[in-house]
Amino acid sequence: MSNLRLINETTYSSVSTVNVTDVFSSDFDIYKITCNGDGQYGLLKFINSTGSVMSDATYNTARLNLKLNTTASETKIVGTDVGIYAFTESSGTGTGGNVLYIFNPNSSNYTFVIAQTVDINNTVAFRIAKTIGVHKNASSMSGFQLNALASVSGTIRTYGLRVDS
């Protein structure tokens with residue numbers, strides 16, 4: 001059995017960066033993030049306990065893109081400072097949805113991410129992507145940042161997930 005608790009809801013409009021702060025704590029080891037809206041999403045970075053965005057070259061990410069109009073593609077980046085490809089990434093207009101799970105962000109361990117995204121793109125294609133990532137910095141994180149490719153609008157919800165044994 002699992003328990004899901006809404007911790008934060010952030011609504012944003014016509015911005016390229018969204019900071020969601022003070023959501024990770026010792027109360028949970030697993031977090032579920034949902035994000036929906038329009039625009040060109042992109043990268044996830046973490047925010048440490050002092051409020052600084054972690055832009056160190058300790059992000060690793062891999063992504064499988066399944067596209068209806070062309071062949072599937074894979075992306076793998078090791079030791080980058082750009083973040084994790086965890087949000088819908090589109091080259092056109094449309095709407096998208098994202099579900100991320102973040103593991104151990106508020107501990108002295110590496111922070112892991114798995115994500116699924118769907119991109120309902122009005123001008124290019126319909127896409128589904130699966131992403132895995134790790135932030136190989138063993139610092140305690142308190143939040144995260146969405147770095148969009150262009151101006152975006154939508155809502156991010158952060159949930160704490162407790163799994164009972």
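Partly exposed, as used on this tour, means a relative accessible area between the buried limit of under 20% and the exposed limit of over 50%. Keep in mind that you are looking at a predicted model.

**Stop 1: Asp-27 and Arg-5**

Start by selecting Asp-27. With a relative accessibility of 43%, Asp-27 falls between those limits, so it counts as partly exposed. Now add Arg-5 to the selection: Asp-27 makes a salt bridge with Arg-5, and the closest N and O atoms are 3.9 Å apart. Trace the backbone on either side and you'll find Asp-27 in the loop between strand E1 (2–20) and strand E2 (30–38), while Arg-5 sits in strand E1, so the pair ties together parts 22 residues apart in sequence. What about the accessibility of Arg-5? Arg-5 comes in at 42%, so it too counts as partly exposed.

**Stop 2: Glu-9 and Arg-157**

How many salt bridges does a search of the whole structure find? There are 2. For the next one, select Glu-9 and Arg-157, whose closest N and O atoms are 2.9 Å apart in a salt bridge. This pair links distant parts of the chain, with Glu-9 in strand E1 and Arg-157 in strand E10, 148 residues apart. Switch on a surface and check both ends: Glu-9 is partly exposed, with a relative accessible area of 46%, and Arg-157 counts as partly exposed at 25%.

**Stop 3: Asn-147**

Stay on strand E10, which covers residues 141–163, and select Asn-147 there. Is Asn-147 buried or exposed? Its relative accessible area is 17%, and the limit for buried is under 20%, so Asn-147 is buried. Show side chains and bring in Gln-145: a polar contact of 3.1 Å joins the side chains of Asn-147 and Gln-145.

**Stop 4: the aromatic rings**

Time for some rings. The structure holds 4 aromatic pairs. Pick out Phe-28 and Tyr-31 and put a centroid on each ring: the centres are 5.9 Å apart and the planes meet at 70°. Why is this pair edge-to-face? Planes over 60 degrees apart count that way, so 70° qualifies. Phe-28 and Tyr-31 are both buried.

Now widen the selection. Which residues form one aromatic cluster here? Select Phe-24, Phe-28, Tyr-31, Phe-46 and Phe-144 together, and you have the cluster on screen. That's the last stop.

Methods: Residues are numbered from 1 along each chain as its sequence is written. This is a predicted model: local features need pLDDT of at least 70, side-chain atom pairs count only at pLDDT 80 or more; totals for chains, interfaces and linings use all residues. Side-chain values use heavy atoms; hydrogens and water are left out. Helices (H or I, at least four residues) and strands (E, at least two) are DSSP runs, numbered from the N terminus. Buried means under 20% relative accessible area, exposed over 50%, partly exposed in between (1.4 Å probe, protein chains only). A polar contact is a pair of N or O atoms within 3.5 Å; within protein, one must be able to donate a hydrogen and the other to accept it, and residues adjacent in sequence count only if both atoms are side-chain atoms. A salt bridge is a side-chain nitrogen of Lys or Arg within 4 Å of a carboxyl oxygen of Asp or Glu. Rings of Phe, Tyr and Trp (its six-membered ring) pair if their centres lie within 6.5 Å; planes under 30 degrees apart count as stacked, over 60 as edge-to-face and the rest as tilted.
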